[in-house]
Amino acid sequence: MNKLRYQKPQAVKELERLALEHFRRGHTNFPEVAIAPQAYRDDTANGLTRCVVDFIRYNGGQAERINTTGMPEQRGGRIIWRKSNTTKGSADISATIGGRSVKVEVKIGPDRQSEAQRRYQVAVEQAGGLYFIATDFTSFVEWYDANFKRV
């Protein structure tokens, strides 16, 4: 079975441009020829999460990835995963944009929200926060532009 070759969407190319501008602003004395451009992809959960977090940061917001998998612990010569102490159903990304609390859940391919994630979404929205399910970077940027002004 042939897997389709990844084609970088325009939104991801724009993020790479933003990353380069961000780097240049912070490193004004760095020689132009020595700058290696950032590469982004939105076809994996880790890649899409990185795109969203960096995009929010480059546009003046605060964003962080939330680790809900727990911690590895060695017991008797084997590794076990200790339960996380995060709220059950927590979103993958927690952010503050323009003074608003924003939670972003990343879902790639057939991955769907669990019941705990749906309850978490309701709690966030009832408290006045925004919640978005990101399945690709282009739709996230469209949602962002509909809700916030870029820097």
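The questions below deal with helix H2, the nonpolar core and Lys 103 in a predicted model.

Residues are numbered from 1 along each chain as its sequence is written. Local features need pLDDT of at least 70, side-chain atom pairs count only at pLDDT 80 or more, and totals for chains, interfaces and linings use all residues, while side-chain values use heavy atoms, without hydrogens and water.

Me: How far apart are the end C-alpha atoms of helix H2?
Reply: Helices (H or I, at least four residues) and strands (E, at least two) are DSSP runs, numbered from the N terminus. H2 covers residues 45–58, and its expected span is 1.5 Å times one less than its number of residues. For 14 residues that gives 20 Å, which agrees with the distance between the end C-alpha atoms, 20 Å.

Me: How many of the 14 residues of H2 are buried?
Reply: Buried means under 20% relative accessible area, exposed over 50%, partly exposed in between (1.4 Å probe, protein chains only). H2 is largely enclosed by the rest of the structure, because its count of buried residues is ten.

Me: Which element gives the most to the largest nonpolar core?
Reply: A nonpolar core is a set of buried Ala, Val, Leu, Ile, Met, Phe, Trp, Tyr and Cys residues joined through side-chain atoms within 4.5 Å. The largest has 30 residues. H1, H2, S4, S5, S6 and H4 each supply at least two of them. The most, seven residues, come from H2.

Me: Which side chain of opposite charge is nearest to Lys 103?
Reply: Lys and Arg count as positive and Asp and Glu as negative; His and the chain ends are not counted. Lys 103, in strand S5, is buried and has no salt bridge (a side-chain nitrogen of Lys or Arg within 4 Å of a carboxyl oxygen of Asp or Glu). At 7.3 Å, the nearest side chain of opposite charge is Glu 64.
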